[in-house]
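Please find below my note on helix packing and aromatic contacts, set out as numbered points. The structure is placed here so that each point can be checked against the coordinates.

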Amino acid sequence: EISAKKRQIRLRDRWERPVYLQLRVTVALIALSFAVTLLSGFGMQLDPIGRWLTLTDASNAGDESWTVEKSLHRVRSGEIWRLVTPIFLHLGVWHLVFNMYWTAVLGGMIERTQGSWRLLGLVLIMAVLSNLVHYLATGSAAFGGMSGVGFGMFGYVWIRSKYELDSPYFIPSYTAAFFLIWMIICSVGIVGGVANHAHSAGLVIGLLLGLPAIMRSRTR
């Protein structure tokens, strides 16, 4: 009971903060995505910014030098930010709008409830692992977008809303159905040029990251 009261007080204090303090990471993710995407011409002109944010430094997505070997070499040489930064590069208007909407909804939900540092940690884990899985599965670094992280945040929030006792989260059934249907549509090839491996990896990672909170709630 004391623990529950303390959590209620912490949540109340967090929600009473100004919006710009509640959602610092969420706003930063959206701002960086818009900036990088627009400056790169939606991925068509990667110089000068894009070449430092993709898994390789190829000047455009069709460059023959965009290979597994060079991508691995860049990361191994110390440019480890490349494991994260592809999430900021989007390849179309709807790609950007769709991802930013769910970043605002799900990222905002997590950040308001658990704080900026928790959201930042989750995003970094989801970004690195989903990017790596897609890269290793396809052998191509020619991808970008926040979709892997978006599916990860959905998985994290959904599993906690469904199985955690006294969960601070709630996901409507139609939202869960939308994510699963959209994943199926992308997987069967109806929508072309989609990083399906990043979607699947992000979802699994998000589900796994939500398990500790569920286990803790059931052992109190």
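The points that follow deal with one helix pair and with the aromatic side chains.

1. Before anything else, please keep in mind that this is a predicted model, and that the side-chain atom pairs discussed here count only at pLDDT 80 or more.

2. Two packed helices are described by the angle between their axes and the distance between the axes. For helix H5 (residues 93–114) and helix H8 (residues 173–187), the axes come within 14 Å and cross at roughly 145°, and the crossing of H5 and H8 is left-handed.

3. Which residues make the contact of H5 with H8? From H5 come Phe98, Trp102 and Leu106, and these meet Thr175, Phe178, Phe179 and Trp182 in H8. By class, the residues of this contact divide into 6 nonpolar and 1 polar, with no charged residue.

4. Phe178, found in helix H8, deserves its own remark: with a relative accessibility of 32%, Phe178 counts as partly exposed, because the partly exposed class runs between 20% and 50%. If neighbours within four places in sequence are left aside, Phe178 is in contact with Phe98 and Trp102.

5. A search of the whole structure finds 10 aromatic pairs. One of them joins Phe151 and Phe179, whose ring centres are 5.3 Å apart and whose planes stand at 90°, so the pair is edge-to-face. Since Phe151 lies in helix H7 (residues 147–163) and Phe179 in helix H8, this pair ties together parts that are 28 residues apart in sequence. Are these two residues buried or exposed? Both Phe151 and Phe179 are buried.

6. Another pair is formed by Trp158 and Tyr163, with ring centres 6.3 Å apart and planes at 85°, and it is therefore also edge-to-face, the cut-off for that class being over 60 degrees. Trp158 is partly exposed, with a relative accessible area of 24%, and Tyr163 likewise counts as partly exposed, at 37% relative accessibility. The ring of Tyr163 has a further partner in Lys162, whose charged end sits over that ring, 5.8 Å from its centre.

7. Finally, one aromatic cluster is formed by Phe98, Tyr101, Trp102, Phe151, Phe154, Phe178, Phe179 and Trp182. Among its members, Phe98 and Trp102 in H5 and Phe178, Phe179 and Trp182 in H8 also take part in the helix contact of point 3, while Phe151 belongs to H7.

Key: Residues are numbered from 1 along each chain as its sequence is written. This is a predicted model: local features need pLDDT of at least 70, side-chain atom pairs count only at pLDDT 80 or more; totals for chains, interfaces and linings use all residues. Side-chain values use heavy atoms; hydrogens and water are left out. Axes are lines fitted to C-alpha atoms, for helices over the stretch in contact, and angles run from 0 to 180 degrees between N-to-C directions. Helices (H or I, at least four residues) and strands (E, at least two) are DSSP runs, numbered from the N terminus. A crossing is left-handed if the near helix is turned anticlockwise from the far one by less than a right angle, and right-handed if clockwise. Contact means heavy atoms within 4.5 Å. Ala, Val, Leu, Ile, Met, Phe, Trp, Tyr, Cys and Pro count as nonpolar, Asp, Glu, Lys and Arg as charged, and the others, Gly among them, as polar. Rings of Phe, Tyr and Trp (its six-membered ring) pair if their centres lie within 6.5 Å; planes under 30 degrees apart count as stacked, over 60 as edge-to-face and the rest as tilted. Buried means under 20% relative accessible area, exposed over 50%, partly exposed in between (1.4 Å probe, protein chains only). A charge sits over a ring if NZ of Lys or CZ of Arg is within 6 Å of the ring centre and within 35 degrees of the ring normal.
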